[in-house]
Amino acid sequence: MPSDVDVEPGTLLVAAPSLLDNNFRRTVVYVIDHRGQGTLGVVLNRPSDVPVDDVLPNWGPHATQPGSVFVGGPVEQKTALCLAAMRTGENPDGVRGLIGVRGPVALVDLDADPAALAPKLRGLRVFAGYAGWNVGQLAGEIDRGDWIVVPALPGDVVAPAEQDLWGRVLRRQGMPLALLATHPGDVREN
């Protein structure tokens, strides 16, 4: 069985403490798509200093705090993607401007009318760029121990930026994965 068998839309790739690549160190990646052609996701815990208002003024008032564009990954950083968590009781299926990813999480068409969609959303994030893997590439990285595959919660896509999402996701996995959340960012500080 390939190592990426548990990867599917709506799962998280949590960077192992040993993954030191600057693009992904201590990141949490939300998988949007995973199929024969490869895998696409966005980094959930890398806010930038660029306000959504500056690049997408119609969406700025609807962006979850801190209201900034997040760095979704190193691929096509001039491309904007938007993920939203639906309000309780709302479903993205059949809603113009939304493409369901998993459960109450959807991709938002940034060309859609925000006024029509905002009442259905409990929060949204805009990402510049994305993380992408070719066929077999992610399986190899999982085999190497770079990524831990865990289920996502809908609130992960709009988690407060000041919160340590990496540590929080690991802690909720229980033992022994929860112990990884105590790994210092810099082992020299241990």
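In this predicted model, D156, R168 and R172 are joined to one another in a network of salt bridges. Side chains of opposite charge can pair when their charged atoms come close. The count of such salt bridges comes to six, and the aromatic side chains add four ring pairs. The points below take up several of these contacts in turn, together with the accessibility of the residues that form them.

**Salt bridges between separate parts of the chain**

- E8 forms a salt bridge with R102, and the closest N and O atoms of this pair are 2.4 Å apart.
- Because E8 belongs to the segment before β1 (11–15) while R102 sits in strand β7 (residues 98–102), this salt bridge ties together parts of the chain that are 94 residues apart in sequence.
- E8 counts as partly exposed, with a relative accessibility of 34%, and R102 is also partly exposed, with a value of 39%.
- E90 forms a salt bridge with K120, where the closest N and O atoms are 3.9 Å apart, a distance that still counts because the cut-off is 4 Å.
- E90 lies in the loop between β6 (75–86) and β7, and K120 lies in the loop between α2 (114–117) and β9 (121–133), so this pair ties together parts that are 30 residues apart in sequence.
- At 31% relative accessibility E90 is partly exposed, and K120, at 26%, is partly exposed as well.

**The salt bridge of R35 and D33**

- The side chains of R35 and D33 meet in a salt bridge, with a distance of 2.6 Å from N to O.
- R35 has a relative accessible area of 52% and is exposed, because that value is over the 50% cut-off.
- D33, the partner of R35 in this salt bridge, has a relative accessible area of 23% and is therefore partly exposed.

**Aromatic contacts**

- F24, W133 and W147 form one aromatic cluster.
- Within the pair of W133 and W147, the ring centres are 5.9 Å apart and the ring planes stand at 90°, so the arrangement is edge-to-face.
- W133 lies in strand β9 and W147 in strand β10 (residues 147–151), which means that the pair ties together parts that are 14 residues apart in sequence.
- W133 is buried, with a relative accessible area of 5%, and W147, at 4% relative accessibility, counts as buried too.

Key. Residues numbered from 1 in each chain as written. Predicted model: local features only at pLDDT ≥ 70, side-chain atom pairs only at ≥ 80, totals over all residues. Heavy atoms only, no water. Helix = DSSP H or I, 4+ residues; strand = E, 2+ residues; numbered from the N terminus. Buried < 20%, exposed > 50% of the residue type's maximum accessible area, 1.4 Å probe, protein only. Phe/Tyr/Trp six-rings, centres within 6.5 Å; stacked < 30°, edge-to-face > 60°.
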